[in-house]
Each structure stands twice: as C-alpha cells, then as structure tokens.
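Work through the exercises below with the sequence and the model open side by side. Each task is followed by a solution in steps.

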Amino acid sequence: MTDILPDARNLAFELYEVLDAEALTRRERFAEHNRETFDAAINTARTIAEKFFLPHNRKSDEHEPQYVDGAAQLIPDIKPAVDAFLEAGFLNATRTFEQGGMQLPTLLSQACFTQFQAANIATSSYCMLTMGAANLIENFGNEEQKQRFLQPMIEGRFFGTMALTEPHAGSSLSDIRTRAEPAADGSYRLKGNKIFISAGDHPLSDNIVHMVLGKLPDAPPGVKGISLFIVPKFLVNDDGSLGERNDVTLAGLFHKMGWRGTTSTALNFGDNDNCVAYLVGKPHQGLNYMFQMMNEARIGVGMGAVMLGNAGYQYSLDYARNRPQGRLPDGKDPSSAQVSIVEHTDVKRMLLTQKAYVEGGYDLGLYAARLFDDTETLETEEQRKTALQLLDLLTPIVKAWPSDYCLKANELALQILGGHGYTREYPVEQYYRDNRLNPIHEGTNGIQSLDLLGRKVAMNNGAALKQLSGLIQDTCARASEFDSLNALREPLESLHAHIGKVTLALLGDMGQGKVNQALANSALYLNAFGHMVIGWRWLEQAIRAEQGLARGNAADTDFYRGKLQAARYFLTWEVPSCHHALSVLENRDSTCLDMQDSWF
C-alpha cells in the first residue's frame, strides 16, 4: 500500500531545519519537552492514524451517514478511531499538564494532527471542530460554562460544532435571522435554522455543544448585532449529569461530493419554542469571538487541503515509478524495454508541480502554527502582538492558497494515472472530491480575497504587511550568499516589489472611497500575494537545503536536491506568471465589475 501520510524526512526538515522547533523548548511553557518527546508524539499520531483512521477512509466515503429516526447514523469504524485519538491525548495536545494535556507547542500539535487529516479527512474533522469549540468556551465563557461544557469537552465526553450559516443568508452573516429571547433564569430561548453544520449530529459523544450565532431583541443591525450562544443537544444538570433533550432538531443531512464521512446537517433550533441557550461573553460581540474559532478552522482547512494534495502526490508518484509505458522520444527501437512513466518529462513536470504546491503549502501551514506559539509564549506583550498581526495577515493565504493549489495537485494526480485515475478503483478521485470542498467552507476563497485586500493589508497602518516585507527581504538577503540561489531569489524580489506598488495604489483608491473598484479583482490579488508568500517559504527551504548539502551527508543528498529542484520550479515557473494579473490590477480593469446580469 502506498504511504500517503506526511513524509517523515520532510516533516523533520520542516520542524528542525526550517522552523527550529527545538528553540521552543527554551520557553518556559515547553521546557519539559525536547526533540525526543516531539518525535514520540508524532510517531504515536502516525501509528493511530495508520491503524484506526486510514482503513475506513474509503468505506466512509462509500457509506455516507444516513438519516434514521431523526438522528445521523455513521459506519461503526469511526467511533474506535475517534476514541483512540481521545485516549492518546491529542484532543488536548496543547493544553497544560494540569488540565490533562500534553502541553505541546501548537507547531507540534499541528504536525501530529496532519497525520490524521492525511489518513482520513472526514473522521478527523469531528476532532478538529471539538478542539475549536472548546478553545472558544475556554477563552470567552464564564466559569459556570467552563465547568458545565468545557470540562466534559476536554474529557472527550462532549463534542462541539460551529453553527453560522442560514438558508437565506449563506456567507452573509449580517443577515442572519436566528433570535434569542432572554428567559427568567438568565438563559435564553433560541429560534432559528442553520445549515451546512459539520458534525451537527452523530453518535460519537454523550452530548454535542453547538456554538451558535444569533441576535438579541435589542441587537443593532448587521454584524455588530451578532451574539454567541452555547446550545447543547442535551441540557446539563448542575451536577454534570445529562438532562432532557434540548429543542434542537436534526432536520436532515446534506449529501456531498466529498468529505462524505463527516455529517453535514440542517438544524432547527426552537421548533417547540424551548431551545435553551447560554450567552457567551458580552452581547453583540459574538462575531468577534467566533472569529477565533473560524481562524483556527481556516488554518485547519488549509492544512487539510495540503494533506489531501499530499495523498494524491504520494500515490501518483508511486504509480509513476511502477507503471511501465512507452519509451523516451529518442527511443526508436520498439523492441526495447518500456520505461516507467516517471521517466517521461511531462510526468516529471506534473509530479514536480505537485511537490511544489504540497510542500510549499505544508511549510506555510506549519509556519502559521509556529507563529501561533509566538503569539502566546514570546517574552513581551509587544512581541506577542507583532506575531499576532503577522498571523492575521497570513490566515487568508493559509486557508485559500492550499485550497486552490493543492486541489490542482489532485487534478494532476488524476492526470498521471490516466484512465485509472478517473475510476473508483483508485483513491485519487476521492482525494480530488474531498479537496474540492476546501475552497468553499470556512469562508470561500472569494471572501478570503476581500478580507486580505480590503482589511488585512491595511490594518494597523500596514504594520503586518511591513513586517512580512521585512521578512521577505531578510530571506532574499540570506539567499544572496549562495550564487546558486540568485536565479530563485530574483523572481521573488521582482514579484515582491510589484505587489508593493499595486497594494499602495489599491489602498489609495479605497482611501478615496473607490471601494468597489479597488476590490473588483481581489481574487487576482489573493493569488499573486499567495504566490509571493509561498515563493518566500520556498526560498527559505532552498537556503536550508543548500546548508544541508554543505554538511555533506550523502544519505540526504537526494532529499536536498529534490528540495532545490522544487524551489527552482516554483520560483522560476510559477512566481513570474503573477505579473500579468498584477498588470490587470494596476490598470483597474473593470471587465467583471461592469458585467450586467442581463448580458449573461
């Protein structure tokens, strides 16, 4: 069987050569860890992923959840996998020892979780959503809510969800209609309908804690009137025991193209006017709170896209090495032996493209996890604030770029397998179907582009953008010490300068009130900005690869040369292609903006 989990050598390269994970152990929070404990956690995650998650990946796709007697019914293989995940402690990998956690850095927790995402994206999502909901309550809930709901979630007895989308509103949260009326006991009675709620119903836990966006009677219009509520599937008594079923109804299941093992639900709240809800934090601040879970989920989505792209890459690479077909163009003798298709240049191109997309996206996702550790454990508040600004800026890229380009990697995997890739007898078609969700959920990539250009690059007078520019310039300066990297460095410097010029012009337009015009082609901006960021991360990898070659370990030579070749491909093939899109932005092309409904 082809190994589709993250390549162990590449992960070690990322953790210990590029991102310096061991430096985190010099911080007080992680002082009891070292490389041995980090590697042990990863190996445990990999073992559980291989034993419990991977074997039913195909089965859960072929036998999706069913709506039976008002509840979601799953294949039985999912629960043992989730239970193994919980028993090993990965639900609380980043929590303190006192809380029963591993007290791992987020960087290592993310590295561990990618093993599960690679093995089975659908089953791993139940765990990811619970971790996000628990973090939300921990940060913004009161002590009673933490005791009643958070503690059972930490123990793995309760699972969690996020309930945002409504049938009439889609991504437009300002238009949600879910309402909450105050009750005499200090709780609320919620009424509304939510759709596309992943893990909204299942038999994997004793209870499901829904984090629901709604509006109070006195709410101001728009997003400034949104509040956040805890709505349990079952009420919880004062002694922690489960009470009666709350007025939350599973209205039905959505049948999806991919991620079929994860329930996607329509939920009705308050059909009988008795849906008990608990306000989290202050009234009308719900969207601000929910952004924490959404941003965590966006990074998780990006990493999930990378893992699906990686699965297709690893499978198609193994297939190409073992599939004899044809001869090279200069092979004129039909009686000569066929060559494996990995020897054909166009197949090499498709494999190299996948490698560049997947390993570039993986590096960025792990870098974002490392940044999150900085936001919590750097020495001064100012340093932590600076790290958070950069993480905020990069989050739309971490979500959107892998969602687009690791999906393209899956498309190339299909192409390499030819007709076989298009059949259900091979897994690459499932990887493609699973990955097609990622440009959509947790904020479509179009929304990410509006967020990046319309908000993130200008926030705090462009402080995060200036920080990123400084980091790119520093990497380029260090790369200039290697003559072999000049051809890789120069395209990045050119793109960086061009994006800087375009950004200033578009921000100037927005400052003059030309918002629609400035944001009309934000998708092009997101793509070019993402290529700049991935190009920067590949140049960093190239520097580390050159340093690795200089150490002279023959066993690593092929690995480092592969890194340099992928960096060369991305920086000399992909990065220069962005200039046309930037010229469209510079010229304020209004083709799409001017198009009228009646012209279609």
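How many bridges join strand β5 to β12, and in which direction do the two strands run?

Solution. Two bridges join β5 (residues 188-198) to β12, and the strands run antiparallel. Strands pair if DSSP finds at least two bridges between them. Helices (H or I, at least four residues) and strands (E, at least two) are DSSP runs, numbered from the N terminus.

Before going on, note the basis of the values. This is a predicted model, in which local features need pLDDT of at least 70 and side-chain atom pairs count only at pLDDT 80 or more, while totals for chains, interfaces and linings use all residues. Residues are numbered from 1 along each chain as its sequence is written, and side-chain values use heavy atoms, with hydrogens and water left out.

**Exercise 1. Place β12 among its partners and describe its cover.**

Step 1. On the β5 side, Tyr188 has Ala277 as its bridge partner in β12.

Step 2. Strand β7 (residues 226-232) is joined to β12 by three bridges, again in an antiparallel arrangement. Here Leu228 is bridged to Val280 of β12.

Step 3. Now take the cover. Buried means under 20% relative accessible area, exposed over 50%, and partly exposed in between (1.4 Å probe, protein chains only). In β12 (residues 276-280), five of five residues are buried.

Step 4. Sort the residues by face. In a regular strand the side chains alternate between the two faces of the sheet. In β12, one side carries Val276, Tyr278 and Val280, the other Ala277 and Leu279, and both faces are covered.

**Exercise 2. Describe how α8 packs against α9 and against α10.**

Step 1. Axes are lines fitted to C-alpha atoms, for helices over the stretch in contact, and angles run from 0 to 180 degrees between N-to-C directions. The axes of α8 (residues 286-322) and α9 (residues 345-377) come within 9 Å and cross at roughly 150°.

Step 2. Angles under 35 degrees count as roughly parallel, over 145 as roughly antiparallel, 65 to 115 as roughly perpendicular and the rest as oblique. The helices α8 and α9 are therefore roughly antiparallel.

Step 3. A crossing is left-handed if the near helix is turned anticlockwise from the far one by less than a right angle, and right-handed if clockwise. The crossing of α8 and α9 is left-handed.

Step 4. List the contacts, where contact means heavy atoms within 4.5 Å. The α8 residues that meet α9 include Met303, Gly309, Gly312 and Tyr313, and those on the α9 side include Leu351, Gly361, Tyr362 and Gly365.

Step 5. For α8 and α10 (residues 381-417), the axes are 8 Å apart and the packing angle is about 25°. These two helices are therefore roughly parallel, and their crossing is left-handed.

**Exercise 3. Describe the α6 and α7 pair.**

Step 1. The axes of α6 (residues 121-140) and α7 (residues 143-154) come within 10 Å and cross at roughly 155°.

Step 2. The contact is made by Thr130, Ala133, Ala134, Ile137 and Glu138 of α6 with Gln145, Lys146, Phe149, Leu150 and Met153 of α7.

Step 3. The pair is therefore roughly antiparallel, with a left-handed crossing.

**Exercise 4. Compare the reach of α16 with its expected span.**

Step 1. The expected span is 1.5 Å times one less than the number of residues.

Step 2. Helix α16 (residues 522-550) has 29 residues and reaches 42 Å from first to last C-alpha, close to the expected 42 Å.

Step 3. Of the 29 residues in α16, 22 are buried. Gly552, just after α16, has a positive phi of about 80°.

**Exercise 5. Is each of Ser109, Ala199 and Leu328 buried or partly exposed?**

Step 1. Ser109 lies in helix α5 (residues 106-119). Its relative accessible area is 14%, so Ser109 is buried. Leaving aside neighbours within four places in sequence, Ser109 is in contact with Ala93 and Thr94.

Step 2. Ala199 sits in the loop between β5 and β6 (207-215). With a relative accessible area of 1%, Ala199 is buried. Its phi is positive, about 65°, although Ala199 is not a glycine.

Step 3. Leu328 is in the loop between α8 and α9. At a relative accessible area of 32%, Leu328 is partly exposed. Not counting residues up to four places away in sequence, Leu328 touches Val339, Glu343 and His344.
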